[in-house]
Amino acid sequence: MPPRSRRLHPPVVPGPGLATRLIRAVAHRIESAGRTPFLHTGATNSAAIRLYRSLGFSLSDEMKVTLVQAV
């Protein structure tokens, strides 16, 4: 039987604004190159959606995603 792997995440707590600074920096580089930055997140990831909206992003499209697991 192949080894199993699990992805672990730290507890969700307000941090020092690292995500905000990172998104702003990357968005600035994208805009400086004459392109439009965009983000993807899951529809139920309310913390990310709230953060992205606070940074000026808005919902422009929704898509259905299907995950396939190999057997």
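This report walks through the helices, burial and surface of a small set of residues in a predicted model.

Residues are numbered from 1 along each chain as its sequence is written. Local features need pLDDT of at least 70 and side-chain atom pairs pLDDT 80 or more, while totals for chains, interfaces and linings use all residues, and side-chain values use heavy atoms, without hydrogens or water.

The protein has two helices and zero strands, taken as DSSP runs (helices H or I, at least four residues; strands E, at least two) and numbered from the N terminus. Of its 71 residues, 10% are buried, where buried means under 20% relative accessible area, exposed over 50% and partly exposed in between (1.4 Å probe, protein chains only).

Let's look at α1. Its 15 residues should span 21 Å at 1.5 Å a residue, and the end C-alpha atoms are indeed 21 Å apart; the expected span is 1.5 Å times one less than the number of residues. Thr 20, Ile 23 and Ala 27 are its buried residues. They fall within an arc of 70° seen down the axis, so they line one face of the helix; the arc is that of directions from the helix axis to the C-beta atoms. These buried residues pack against α2, with contact meaning heavy atoms within 4.5 Å. Thr 20, for one, touches Leu 51 and Leu 55, leaving aside residues up to four places away in sequence.

Two residues show both ends of the burial scale:

| Residue | Location | Relative accessibility |
|---|---|---|
| Thr 20 | α1 (residues 18-32) | 18%, buried |
| Met 63 | segment after α2 (46-54) | 57%, exposed |

Just after α1, Gly 34 adopts a positive phi of about 80°.
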